[in-house]
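Biologist: Hello! I'm new to this structure, so please choose a single part and take me through it slowly, starting from the chain as a whole.

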Amino acid sequence: MQPSMRLQAAGAAFLAVFLFSGLDALVKATTFGTPLAMVVFLRYAAGLIFSVGSAAAQGQLRPKRSTVRRAVGRSLAGLSCAVLFFGALKLLPLAQTVALTFTSPFFMVLISAAMIGDPVTRRSLFAAAFGFFGVVIMLAEKLSSEAGSPLGFAMALASAVAYALSMIMSRRDTAHDSVPQMILVQNLINAAVALPFAVYWYQPVPSETLVMFLAIGALGTGGNYAITWAYKHAPATLLGPFEFTALIWAVTFGMLFFAEIPSLHTLVGAAIIIGACLAVVQPAAPRRASDNARP
């Protein structure tokens with residue numbers, strides 16, 4: 001892979017995490033009291049609006065049957081991730097849940113190697129481990145003082161596996177399908193699956209909240225475009241550690257919008273995460289001929 005493509009894919013992954021983190025902050029600020037089923041449906045219904053517009057503008061509004069067939073498994077993996085994550089939140093403190101789900105880069109490395117033959121390098125394993133170490137430092141105060149349910153731990157880890165699986169499926173499917181159609185079909189399937197549950201748990205939603213959901217849909221669609229493009233042009237072993245930057249954005253948004261001041265643990269952990277991402281982006285140095293020669 002060319003160094004310029006590594007940097008572009010890394011930048012797209014970094015942007016995607018930023019957009020998804022903004023989505024999370026917006027949800028936290030605007031959707032208190034809304035049933036989970038409605039939150040899921042409105043998020044994907046709003047995303048469907050933007051993905052339809054984007055696909056139509058590029059003349060890709062009619063996906064093939066094969067595209068839809070491949071999207072089913074990918075969409076179900078994404079929905080499973082959401083259900084498991086929110087289920088874990090009911091049983092565990094938020095800090096523990098987030099820390100456990102950030103094991104996804106480890107699963108990405110293993111799943112990508114098994115499913116699509118991505119190379120597993122020492123650098124990618126080191127970066128994932130080093131980045132996760134930064135997460136542990138950031139959450140050390142909470143992790144050392146709060147216990148949790150074994151079922152909650154299992155659900156959080158299963159959520160990480162489902163997320164990793166959906167990302168690897170996205171990378172695999174980009175070899176066959178265009179990014180606009182992948183995002184369009186995935187939003188359509190997710191909205192369709194969530195619709196009956198949203199109807200069952202329906203509650204009136206204020207108009208200003210619906211406007212905010214449009215912003216959530218735009219952020220989600222933009223994030224999906226960025227992350228799908230990144231996985232189309234780079235292996236998961238390179239991009240996985242960038243998931244850790246979500247905690248950096250959480251700290252930033254917490255300071256700006258919720259007056260949350262980060263602790264020393266948070267700052268040190270963030271520095272380690274940034275270092276891990278920078279290490280994995282740098283291309284490996286070419287080996288000299290003398291290095292390959294036998295003594």
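Modeller: What follows is a short overview and then a close look at one helix and its partners.

Happy to help! Please keep in mind that this is a predicted model. The chain has 14 helices and zero strands, so reading along the sequence gives the pattern α-α-α-α-α-α-α-α-α-α-α-α-α-α. It has 295 residues, and 47% of them count as buried. Among contacts with a separation of 6 or more, 92% join residues 24 or more positions apart. The accessible surface of the chain is about 14,700 Å², and carbon and sulfur atoms make up 70% of that area.

The part I would like to show you is helix H10, which spans residues 207–233. A pair of packed helices is described by the angle between the two axes and by the distance between them. Let's use that for two partners of H10 in turn.

Begin with helix H2, residues 36–57, which packs against H10 at an angle of about 60° with the axes 7 Å apart. H2 is therefore oblique to H10, because an angle of about 60° falls between the limits of 35 degrees for roughly parallel and 65 for roughly perpendicular. The crossing of H2 and H10 is right-handed. On the H2 side, the contact is made by Val39, Leu42, Arg43, Ala46, Gly47, Ile49, Phe50, Ser51, Ser54 and Ala55. Facing them from H10 are Leu210, Phe213, Leu214, Ile216, Gly217, Ala218, Gly220, Thr221, Asn224 and Tyr225. Sorted by class, these residues of H2 and H10 are 12 nonpolar, seven polar and one charged.

Now turn to helix H9, residues 179–200, whose axis lies 10 Å from that of H10, at an angle of about 130°. H9 and H10 are oblique to each other too, because about 130° is over the 115 that ends the roughly perpendicular range but not over the 145 needed for roughly antiparallel. Their crossing is right-handed. H9 brings Val179, Pro180, Met182, Ile183 and Asn187 to this contact, and H10 brings Thr221, Asn224, Tyr225, Thr228, Trp229 and Lys232. Here the count by class is six nonpolar, four polar and one charged.

You may have spotted some names twice: Thr221, Asn224 and Tyr225 of H10 are listed in the contact with H2 and again in the contact with H9. A good residue for seeing these helices together is Ser51, which lies in helix H2. What does Ser51 touch, leaving aside its neighbours within four places in sequence? Ser51 is in contact with Ile183, Leu184, Asn187 and Thr221. Of these, Ile183 and Asn187 also take part in the contact of H9 with H10, as does Thr221 from the H10 side. Is Ser51 buried or exposed? Ser51 has a relative accessible area of 0%, which means that it is buried, since the cut-off is under 20%.

Further along H10 you will find Tyr231. Tyr231 is buried as well, at 0% relative accessibility. Its C-alpha is 4.8 Å from that of Arg171, although the two are 60 residues apart in sequence.

For a contrast with those buried residues, step outside this helix to Thr121, in the loop between helix H5 (104–115) and helix H6 (122–138). Thr121 is partly exposed, with a relative accessible area of 37%. Its C-alpha is 9.5 Å from that of Leu238, 117 residues away along the chain. Ala140, in helix H7 (residues 140–143), is also partly exposed, at 26%. Ala140 is 125 residues from His265 in sequence, with 7.2 Å between their C-alpha atoms.

Methods
Residues are numbered from 1 along each chain as its sequence is written. This is a predicted model: local features need pLDDT of at least 70, side-chain atom pairs count only at pLDDT 80 or more; totals for chains, interfaces and linings use all residues. Side-chain values use heavy atoms; hydrogens and water are left out. Helices (H or I, at least four residues) and strands (E, at least two) are DSSP runs, numbered from the N terminus. Buried means under 20% relative accessible area, exposed over 50%, partly exposed in between (1.4 Å probe, protein chains only). Contact means heavy atoms within 4.5 Å. Accessible areas come from the Shrake-Rupley method with a 1.4 Å probe; for residues, only the protein chains shown count as cover. Axes are lines fitted to C-alpha atoms, for helices over the stretch in contact, and angles run from 0 to 180 degrees between N-to-C directions. A crossing is left-handed if the near helix is turned anticlockwise from the far one by less than a right angle, and right-handed if clockwise. Ala, Val, Leu, Ile, Met, Phe, Trp, Tyr, Cys and Pro count as nonpolar, Asp, Glu, Lys and Arg as charged, and the others, Gly among them, as polar.
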